[in-house]
Amino acid sequence: TNTTTGVKNTPKAESTISLYPNPNTGIFNLDINSTQGNTHVSVEVYNLLGEKIYSLTDDFTKNKHYQIDLSNKQDGVYLVNIRTGFESRTERVIVNR
């Protein structure tokens, strides 16, 4: 018996995420560009003790620029968790004045 299976080829929803400059002096930029229409984003920043020190949620269409200000925090390494409707990733940023 021959069995044929197929996979429907559907366009993948994608987004590109840029976090810069890194290292920085406490203020850095987050750019999210989406190939789809309306996109939900959640950004959380944690120190290395696991404490959430910054968060934002937003809905946007296509492209969005955020400026994140940690200038009132200590120098060190922070983890930035970025979630969109298409992906979730964690980036390390270094604050060094």
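This is a short walk through the structure, one selection at a time.

**Start with the whole chain**

Before you click on anything, keep in mind that this is a predicted model. Show the chain as a cartoon and look for secondary structure: there are five strands and zero helices. Follow the chain from start to end and you read β-β-β-β-β. Now switch on the surface. The accessible surface comes to about 6400 Å², and 45% of that belongs to carbon and sulfur atoms. Of the 97 residues, 31% count as buried. If you like contact maps, here is one more number: among contacts between residues at least 6 apart in sequence, 52% join residues at least 24 apart.

**Select the core**

Next, hide the surface and go inside. Which residues of the largest nonpolar core touch the most other members? Select Leu30, Ile32 and Val80, which hold that position in a core of 18 residues. Then colour the strands: E1 (15–20), E2 (27–46), E3 (52–69), E4 (76–84) and E5 (88–95) each supply at least two residues of this core. E2 gives the largest share, with six residues.

Stay with leucine 30 and show what surrounds it. Leaving aside neighbours within four places in sequence, Leu30 is in contact with Ile17, Ser18 and Leu19, and also with Val43, Lys64, His65, Tyr66, Ile68 and Ile82.

**Select E1, residues 15–20**

Show side chains here and you'll see them alternate along the strand. Ser15, Ile17 and Leu19 point to one face and are buried. Thr16, Ser18 and Tyr20 point to the other face and are not buried.

Now bring E2 into view beside E1. The two strands run antiparallel, and six bridges join them. For a landmark, find serine 15, which stands opposite serine 34 in E2.

**Select the turn between E1 and E2**

E1 and E2 form a hairpin, with six residues between them. Where in this hairpin is a positive phi found? Click on glycine 26 in the turn, whose phi is about 120°.

The loop has two prolines to look at. Proline 21 is in the loop between E1 and E2, and the peptide bond that joins tyrosine 20 to proline 21 is cis, with omega about -15°. Proline 23 has its place in that loop too, and the bond leading from asparagine 22 to proline 23 is cis as well, with omega near 5°. For background, most peptide bonds are trans.

Is proline 23 buried or exposed? With a relative accessible area of 52%, proline 23 is exposed, because the cut-off for that label is over 50%. Add valine 77 to your selection: the C-alpha atoms of proline 23 and valine 77 are separated by 9.2 Å, although the two residues are 54 residues apart along the chain.

**Select lysine 62**

Move to strand E3, where lysine 62 is found. Lysine 62 has a positive phi of about 70°, although it is not a glycine. Most residues other than glycine have a negative phi. On the accessibility scale, lysine 62 counts as partly exposed, at 39%.

**Select the charged pairs**

Side chains of opposite charge can pair when their charged atoms come close. How many salt bridges does the structure hold? There are six.

Begin with glutamate 44 and arginine 83, a salt bridge in which the closest N and O atoms are 3.8 Å apart. Glutamate 44 lies in strand E2 and arginine 83 in strand E4, so the pair ties together parts that are 39 residues apart in sequence. Glutamate 44 counts as buried, at 13% relative accessibility, whereas arginine 83 is partly exposed, at 32%. Add Lys52 to the selection, and you have a network of salt bridges linking Glu44, Lys52 and Arg83.

Finish at arginine 89. Arginine 89 forms a salt bridge with glutamate 87, with the closest N and O atoms 4.0 Å apart. Arginine 89 also meets glutamate 91 in a salt bridge, at 2.6 Å from N to O. Check accessibility here too: arginine 89 counts as partly exposed at 29%, glutamate 87 is partly exposed at 24%, and glutamate 91 is partly exposed at 24%.

How values were computed
Residues are numbered from 1 along each chain as its sequence is written. This is a predicted model: local features need pLDDT of at least 70, side-chain atom pairs count only at pLDDT 80 or more; totals for chains, interfaces and linings use all residues. Side-chain values use heavy atoms; hydrogens and water are left out. A nonpolar core is a set of buried Ala, Val, Leu, Ile, Met, Phe, Trp, Tyr and Cys residues joined through side-chain atoms within 4.5 Å. Buried means under 20% relative accessible area, exposed over 50%, partly exposed in between (1.4 Å probe, protein chains only). Helices (H or I, at least four residues) and strands (E, at least two) are DSSP runs, numbered from the N terminus. Contact means heavy atoms within 4.5 Å. Two strands pair if DSSP finds at least two bridges between them. A salt bridge is a side-chain nitrogen of Lys or Arg within 4 Å of a carboxyl oxygen of Asp or Glu. Accessible areas come from the Shrake-Rupley method with a 1.4 Å probe; for residues, only the protein chains shown count as cover.
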